[in-house]
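Reader: Could we look at a structure together? I should like to begin with the ligand and then turn to a strand.

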Amino acid sequence: MEYWDAYMPDNDARFSFQFVKKAVSMGAIAVNYMAVDSLNWKDGKWEIDLRSDESDMPIRVSSKAVINASGPHVELLNKKNGLSSPKHILFSKGVHLIVRRITNAHGVFAFFADDGRLFFLLPMGDKSCIGTTDTRVSELPVSVNDEDRKFILTNINRLLRLEEPLTVKDIISERVGVRALVVDEDQFDDKSDWMSLSRKHFIDIKEEESYISVFAGKFTDCINVGEGLIAAMGKLGFDMGKKGKWYGEDNVEDKVSFLDAAKSLGMTLSGEEWALRLWRLYGKDANVILGRIKEDPEKKKNIIPQIDFMLAEAEYACENEMVVELEDLLRRRQMISLTHAKDKLVEMSGFKRLSQVLFGEDWEAKYERWKKDSVPVDISKGRDGNRE
Ligand SMILES: Cc1cc2nc3c(=O)[nH]c(=O)nc-3n(C[C@H](O)[C@H](O)[C@H](O)COP(=O)(O)OP(=O)(O)OC[C@H]3O[C@@H](n4cnc5c(N)ncnc54)[C@H](O)[C@@H]3O)c2cc1C
């Protein structure tokens, strides 16, 4: 049976980041590497202390309302700040492994693993992504262990007749995270019915303190979560403006004129694929990259020959993609470190150039930090160096 729903060709982190960029383009201020440390409701306003990973300087902001959308951390953040939560969060750890492309099929394959849970084979760039696991855990953060790897590899080898069964040596990279599952008080200690727990989200509104918490939710439902938050802010008395389109692709006319402009710069058949990729990642902003190439055709140059990465795109990323560390770009804006083993990436000399373009005089420290985190791992002892 074939069924179409939704597919993120550039990975979930990129998909989320598109919302951030859209918000910024509409006037929002977004910061990364900054955590909410404490929240205090004082004289009808929130006093919020922020902690930066980059400096020791504490930052205090004040706000008329707070939306706690910290995913699996939602209840922990509420608790830390003495705020009650009407629902509770359970953590379900999920692991995916990225391996060589093991099927030419374009779509996603869905199977049942030997524990009866859904199990997927997904295309990820020119590689395959397999998984997932679904294990109840009580603490964050989580990491991939040998049992996870064994479960995934055993299942894929059982489900597909591969010429060469996959082993741990075939793992290119790994992903691990927790799904936040929302439950009521009486379900918290009930371990019997794990799979039947709802994957739906719940929005809690504390009207007196103008405080909203988002409990759980799925990517596939994220537009509904967003619409729910707009309604919740309205309920708190905020004017949310006229309903407009706050998500999705830029309009078709813009796309056509971008593709024409790309062609006029000498992009032919493979160039068109290249242009489509830029459009998908950056929408109308991809014109900025074309503009740079127009000014200086040298900027079309691929600075990392083993992977496609143009100088003009690196410059654009430096200015517009909130890249603080190399891994932000490689894993959270693009899929490069998901589809390439890190020990192979560190051998590519182009990353030094990329680091220079991104970080200027800080390039060497940032490059060395990334490289140090990427020491080739002894596979027999597990691949603990390459996880999300
Ligand atoms: C293995 C796995 C597979 C999944 N598969 C699917 C799928 O196929 N389809 C689907 O629809 N969904 C899937 N999901 C669920 C999907 O990942 C979540 O629905 C989605 O990430 C929820 O988005 P969110 O923004 O609410 O939370 P998150 O993505 O968790 O984002 C919360 C953010 O808040 C930040 N944060 C936390 N604490 C603080 C703080 N104190 N201060 C500042 N920031 C903070 C975190 O760093 C994080 O960036 C999967 C999840 C996992 C783990």
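Author: The questions below concern the surroundings of the ligand and then one strand with its partners. Please keep in mind that this is a predicted model.

Reader: How many residues surround the ligand, and which are the closest?

Author: The ligand is surrounded by 18 residues, and the closest are Gly 71, Gly 94, Gly 177, Lys 218 and Phe 219. Two or more residues of this shell come from each of the elements β1 (34-42) and β10 (173-183).

Reader: Which element gives the most to the shell around the ligand?

Author: That is β10, with 3 residues.

Reader: How do the residues of the shell divide into nonpolar, polar and charged?

Author: There are 8 nonpolar, 8 polar and 2 charged residues in the shell.

Reader: Where does the ligand lie with respect to domain 1 and domain 2?

Author: The ligand lies between them, because domain 1 (12-88 + 186-235) and domain 2 (89-183) both give residues to its shell.

Reader: Now the strand. How many residues of β8 are buried?

Author: In β8, which spans residues 127-131, 4 of the 5 residues are buried, so the strand is mostly covered.

Reader: What joins β5 to β8?

Author: Strand β5 (residues 88-100) runs antiparallel to β8, and 5 bridges join them. Within β8, Gly 131 stands opposite His 96.

Reader: And in which sense do β7 and β8 pair?

Author: Strand β7 (residues 118-124) pairs with β8 in the antiparallel sense, over 5 bridges. Leu 121 has Ile 130 in β8 as its bridge partner.

Reader: What phi does Gly 125 take in the hairpin of β7 and β8?

Author: Gly 125 takes a positive phi near 55 degrees, in a hairpin with 2 residues between the strands.

Technical notes: Residues are numbered from 1 along each chain as its sequence is written. This is a predicted model: local features need pLDDT of at least 70, side-chain atom pairs count only at pLDDT 80 or more; totals for chains, interfaces and linings use all residues. A residue is near a molecule or strand if its C-beta atom, placed from the backbone, lies within 6 Å of it. Helices (H or I, at least four residues) and strands (E, at least two) are DSSP runs, numbered from the N terminus. Ala, Val, Leu, Ile, Met, Phe, Trp, Tyr, Cys and Pro count as nonpolar, Asp, Glu, Lys and Arg as charged, and the others, Gly among them, as polar. Domain bounds come from an automatic or database domain assignment. A residue is buried if 20 or more other C-beta atoms lie within 10 Å of its own, exposed if 12 or fewer, and partly exposed in between; C-beta atoms are placed from the backbone. Two strands pair if DSSP finds at least two bridges between them.
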